[in-house]
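Work through the following exercises with the sequence and the structure open beside the text. Each one sets a task and then solves it step by step.

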Amino acid sequence: MATTNDTVFFVSGIDTDVGKSVATGWLAKRWQDEGLSIITQKLVQTGSDRGSPDIALHRRLMGRHFLEDDEGLTAPAVYTYPCSPHLACELDHKTLPLETILQATQTLSDRYERVLVEGAGGIMVPLTRSLLTIDLIAKQKWPLIFVTSGKLGSISQTLLALEAVKTRGIQLHTLIFNDWHNHPDDVIDRDTFGYFAEFLKNQWPEAALLRCPRL
């Protein structure tokens, strides 16, 4: 099934440590404060044996709880081992319930103006042995919100990812430069942000560039 693509936005990033959960919760709060009806969802949660810590972080940043959390719609697939979804499913002797996940996303999009779906790990992470996260985004035609940072190496990682995004015809909606990262270097940080601003101007002029503050 294909979910509504004018309300659902997918949040991914350069790697598992770029702070996607912080950026997702921060953007949700920002849109919420602008008067939009918005909820977040974790596509697949790994490394947990009860609920989604990423959803819990979103709620702390948004300052509210949703009944949909209690319904299981915002974290429909949770696995215990902290690894890629394809392996986490196998270690728990389960298969990824993709149709159930997408139905939950559709239900959320029927109830809210916007749904932010946070992925697990980086954009090329395998959900199953035969399905990459980026290919699910392309198939669902979800606009992408991509999280990067000013740490050394992020330019190359970001450009490689966005090259793959463009190849698959995915819309880049927003690039979030996340100030939540380890061992920042002010010189590299400033230059990297400026580089991304110029890159978007030339390559993705329709995309927004936002800076998520250190929270």
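**Exercise 1: the sheet**

In this predicted model, an open sheet is built from six strands in the order E2-E3-E1-E6-E7-E8, and the pairing is parallel. Task: work out which strands form the edges, and what the average twist is from one strand to the next.

Solution. Begin with the edges: strand E2 (38-42) and strand E8 (208-212) are the edge strands, since each of them pairs on one side only. The twist from one strand to the next then averages 25 degrees. For a closer look at one pairing, take E6 and strand E7 (residues 172-178), which are joined in the parallel sense over six bridges; within E7, Thr 174 is the bridge partner of Ile 145.

**Exercise 2: two helices and the sheet**

Task: describe how helices H1 and H2 lie relative to the sheet, and how they cross each other.

Solution. Start with helix H1 (residues 20-33), which lies across E1, E2, strand E3 (114-118), E6, E7 and E8 and runs at about 175 degrees to E3. Helix H2 (residues 53-62) also packs on the sheet, where it touches E2 and E3, and its direction makes about 160 degrees with that of E2. Next, compare the two axes, which come within 8 Å and cross at roughly 35 degrees, the crossing being right-handed. Finally, list the contacts: residues of H1 including Ser 21, Val 22 and Trp 26 meet a set in H2 that includes Asp 54, Leu 57 and Leu 61.

**Exercise 3: an aspartate in H2**

Task: decide whether Asp 54 is buried or exposed, and find its polar partner.

Solution. Asp 54 belongs to helix H2. Its relative accessibility is 16%, and Asp 54 therefore counts as buried, the cut-off being under 20%. Its side chain makes a polar contact of 2.8 Å with the side chain of Lys 42. Beyond its neighbours within four places in sequence, Asp 54 is in contact with Ser 21, Lys 42, Gln 45 and Glu 118.

**Exercise 4: the buried side of H6**

Task: identify the buried residues of helix H6, and explain why they lie on the same side.

Solution. The buried residues of H6 (residues 133-140) are Thr 133, Ile 134, Leu 136, Ile 137 and Gln 140. Because they cover an arc of only 160 degrees around the axis, they lie on the same side of H6. Their cover includes, among others, strand E1 (8-13), helix H5 (98-111) and helix H7 (154-167). After H6 comes Lys 141, with a positive phi near 60 degrees.

Note on methods: Residues numbered from 1 in each chain as written. Predicted model: local features only at pLDDT ≥ 70, side-chain atom pairs only at ≥ 80, totals over all residues. Heavy atoms only, no water. Buried < 20%, exposed > 50% of the residue type's maximum accessible area, 1.4 Å probe, protein only. Helix = DSSP H or I, 4+ residues; strand = E, 2+ residues; numbered from the N terminus. Arc of directions from axis to C-beta. Contact = heavy atoms within 4.5 Å. Pairing = 2+ DSSP bridges. Axes fitted to C-alpha atoms, helices over the stretch in contact; angles between N-to-C directions. Polar contact = N/O pair within 3.5 Å; in protein donor to acceptor, adjacent residues only side chain to side chain. Left-handed = near helix turned anticlockwise from the far one by under 90°.
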